[in-house]
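Here are a few exercises to work through with the structure open beside you. Try each one before you read the solution.

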Amino acid sequence: KRSAMAIFGFGDASGSGFGSSLEIDGRIHYRHKQWSELISSNSSNFRELFNLVAAIDEASRGGHLDNAELFLFTDNTTAEGAYYKGSSKSKFIFDLVLKLKLLGQNTKLILHVIHVAGTRMIWQGTDGLSRGDLFEGVMSGESMTTFVPLHQTALTRGSAIRSWINSWWGTATELLHLNPDGWYTTGQGTTDCLWDPAPAAVDAAFEQLGKAKHKRPEISHVVVVPRSFTSHWRKQLRKIADVVFTVPVGVDFWPCCCHEPQSLPFVSLLPIVDLGDSGAQDSWEKWRGVCQICRKQLLIGGGIFCGNFSTPRGSFPPCQSSWCGKCYTPTDGGRFPIARPKGWNGEPGFWKKRDEKKFIEGRNGDHLLTPSQCDKCQFVNMQKRLPVAGQPKDSMLLMCIRRANLDAFWAREPKTVSGNLTEARAAVRNSLALGITYPFPPMGPFPMEDKCGMTSAVLILMRSLDPGMNAPTVQFDTIRKSRSMYSNIFHAGLGSCGASVMAKDKYKTYVTSCPTYSFWYERFMLGAQKRMGRISKPDLGISIKAMHALLEDLEKDRVDPCISSLERERIDLVGAWFVISFVGALRGEEVPMVDLYGLRQFFDEGAKHEIPHVVVTLLGKLKGEAGTDYHMLPMAAVTKTGIPVQRWILRAIQSQSRYSQGPLFRNSANEPAKMSFFEEEFHSRLRRIQLERGSLIPETVDVEEEYGIKRSFRRGSNTHAGNQGVDKDVSDKNNRW
């Protein structure tokens with residue numbers, strides 16, 4: 001009585017017909033027909049899978065598949081993938097997959113759907129069968145097992161492969177070819193091995209290979225296997241191999257008669273490097289490191305390596321420092337702030353889970369995007385000695401170096417880093433296939449001096465811990481001034497002697513060796529800016545309605561008969577300050593530059609002009625100007641919305657009749673008044689407007705916090721100009737942007 005049976009079969013479908021052939025009990029059961037119009041209108045993927053389902057259904061109804069194991073070969077990858085996935089986005093293909101699963105359950109059938117090359121399908125004869133040709137392959141009397149490739153190893157099918165592998169493996173270590181018995185014995189030892197399993201046995205080989213890698217991660221293994229029956233070992237391959245590349249058919253050592261490509265996974269590949277060759281030492285893809293924290297082995301860029309990893313510098317031996325990306329973390333205990341999203345009310349905002357590790361750990365491959373030297377090597381560059389354990393100053397410096405390195409790494413986003421590493425590894429695979437020994441330039445060693453700007457970077461980081469005005473610590477816009485300071489001092493000394501100049505007409509470009517202009521330093525500054533963010537609290541702009549309310553409030557107090565002449569004089573000056581600030585869109589620090597003599601000189605001429613106006617004269621250093629001549633700012637006598645510019649400026653001039661020259665706004669020492677001279681009155685009048693006319697300034701607004709005489713008038717003026725359709729170029733010219 002038969003208890004079980006292995007059956008082999010092939011199925012293929014063309015645009016017009018289909019065919020299948022199964023060998024059962026030594027006999028070929030075949031079928032071939034033309035598609036109906038309904039079926040032929042469907043996709044090729046549907047026709048291929050439909051043909052397989054029909055072949056199995058017909059054989060099962062004949063009782064041939066009970067308690068059998070069927071190896072069914074197809075040249076359609078979608079059919080294979082859909083069956084093993086158990087699902088499909090296409091409803092029609094999903095229904096076919098479901099029917100296959102049900103057929104297996106009802107007949108106790110073990111089914112394997114296996115992809116083979118189209119050339120094998122032609123050779124076997126089923127491709128011709130789908131087109132009505134009954135005289136090819138198995139149809140001509142050849143045995144079915146002749147065309148079944150599952151028991152054949154790569155070296156059996158292509159004997160020249162071994163010579164090709166030896167040609168690029170080198171002579172530093174010799175590969176020992178393992179037979180199946182060797183998987184369990186020699187393959188677990190201390191010799192570099194070549195594994196050559198047949199496709200049907202790859203899962204068993206990989207199980208032993210995984211054990212060998214776990215026992216001795218320093219040993220190298222190369223596996224060569226035809227790409228067949230991949231559904232049984234593809235996932236395991238990706239987990240166990242460090243590098244995988246595919247050799248296509250048609251090359252000298254793997255001819256077209258082999259049909260399917262071959263896969264070459266490498267496990268612990270990097271020990272093949274001959275460290276006696278100095279050129280190999282500095283090529284990153286040949287480095288093999290161990291994480292300083294978790295002791296995991298790091299290969300082919302799978303971590304963060306110091307650029308001085310494999311070569312000595314001066315009297316210092318090779319660094320040999322490497323980390324897993326997730327193990328390279330700050331040592332500052334959270335002292336350096338990391339900006340997080342916040343809502344309007346200051347509550348924490350939405351933060352994606354993948355962003356939780358931002359700036360607090362590195363990423364594998366960071367050293368392939370940003371010049372990388374470990375903390376100790378950077379310390380040596382700066383101090384010309386190794387750090388002393390337990391020495392507080394050395395520990396503080398190492399802490400800052402680690403933070404600076406992480407900031408430089410995080411100038412690039414995680415997808416950029418991972419994508420770059422993926423492409424780099426692909427280049428490694430291709431270089432191996434082409435026999436290119438050194439595909440990349442050396443990563444090091446770096447000179448034993450601070451060429452990248454780490455000294456300036458750690459000083460900036462220490463500056464970032466100083467108390468801030470709007471946050472516990474100073475903001476990025478404050479610390480970035482330290483970069484300019486360092487550059488200024490560098491070029492004020494001997495650094496200026498080595499700077500080259502490229503000039504054309506009035507434009508000049510300086511070529512400098514200043515470390516704060518290095519590639520690494522640019523990355524550091526960008527990363528620090530991303531980490532710290534920018535907490536900006538700009539003054540709210542004064543709306544046009546609030547501006548009119550301010551002037552009305554001043555006018556109301558001015559006509560009060562109970563006030564003194566001194567109080568009226570101050571109101572006139574306050575009104576002039578407000579008007580000049582708003583209409584001229586001046587910065588708060590620019591208003592004290594209004595010159596009394598210049599105002600008088602041009603006032604009458606402007607008042608009598610056919611277009612009445614006032615020329616506001618500013619004397620002093622304004623942005624973009626030398627400050628030796630008047631900056632003349634014409635303003636309409638009365639604006640379109642009714643702001644009486646001429647009236648308030650005339651009142652201010654008359655209030656200063658006892659002076660012939662000097663600033664219009666002055667203090668008791670006859671010096672230009674500071675902004676704070678009018679700040680308190682500005683806020684008090686805004687609070688009054690808030691109480692009396694809440695629609696202009698909501699009661700939820702903290703006037704002292706949100707409004708400032710430094711920028712509120714300017715911001716309000718620019719907003720109003722935009723609302724009135726003033727061309728942006730005109731506004732920019734007025735604002736000297």
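**Exercise 1.** Find out which strand pairs with E18, and how the two run.

*Solution.* Keep in mind that you're looking at a predicted model. Start at residues 613-619, the stretch that makes up E18. Follow the bridges across from there: seven of them lead to strand E19, residues 630-636. The two strands run antiparallel. For a spot to check by eye, pick Val614, which sits opposite Met635 in E19.

Now ask how much of E18 is covered. A residue counts as buried when its relative accessible area is under 20%. Six of the seven residues in E18 are buried, so the strand is largely enclosed by the rest of the structure.

**Exercise 2.** Work out whether Gln373 is buried or exposed, and what its side chain touches.

*Solution.* First, place the residue: Gln373 belongs to the loop that links strand E15 (322-323) with helix H12 (375-383). Next, look at its accessibility. The relative accessible area of Gln373 is 6%, and because the cut-off for buried is under 20%, this loop residue counts as buried.

Then go for the polar partner. The side chain of Gln373 makes a polar contact with the side chain of Asn308, at 3.2 Å. Finally, list the surroundings. Setting aside neighbours within four places in sequence, the contacts of Gln373 include Cys306, Gly307 and Arg313, as well as Asn405 and Phe446. Gln378 and Asn381 are also among them.

**Exercise 3.** Do the same for Ser20: which strand is it in, and which residues is it in contact with?

*Solution.* Ser20 is part of strand E2, residues 17-24. Its relative accessibility is 1%, so it goes down as buried. Skip the neighbours within four places in sequence, and you get contacts with Phe10, Gly11, His29, Tyr30, Arg31, Ala55, Thr126 and Leu129.

**Exercise 4.** Decide why the protein chain counts as more spread out than a compact globule.

*Solution.* Begin with the inventory: the chain has 25 helices and 19 strands. Its radius of gyration is 40 Å, while the globule rule gives 27 Å for 737 residues; the value is well over the rule, so the chain is more spread out than a compact globule. You can set that beside the box filled by the C-alpha atoms, roughly 125 × 75 × 50 Å along the principal axes.

Now turn to burial and surface. Of the 737 residues, 49% count as buried. The chain exposes about 37,100 Å², with carbon and sulfur atoms supplying 53% of that area. As a last step, take contacts between residues at least 6 apart in sequence: 68% of them join residues at least 24 apart.

Technical notes. Residues are numbered from 1 along each chain as its sequence is written. This is a predicted model: local features need pLDDT of at least 70, side-chain atom pairs count only at pLDDT 80 or more; totals for chains, interfaces and linings use all residues. Side-chain values use heavy atoms; hydrogens and water are left out. Helices (H or I, at least four residues) and strands (E, at least two) are DSSP runs, numbered from the N terminus. Buried means under 20% relative accessible area, exposed over 50%, partly exposed in between (1.4 Å probe, protein chains only). A polar contact is a pair of N or O atoms within 3.5 Å; within protein, one must be able to donate a hydrogen and the other to accept it, and residues adjacent in sequence count only if both atoms are side-chain atoms. Contact means heavy atoms within 4.5 Å. Two strands pair if DSSP finds at least two bridges between them. The radius of gyration is taken over C-alpha atoms; the globule rule is 2.2 Å times the number of residues to the power 0.38. Accessible areas come from the Shrake-Rupley method with a 1.4 Å probe; for residues, only the protein chains shown count as cover.
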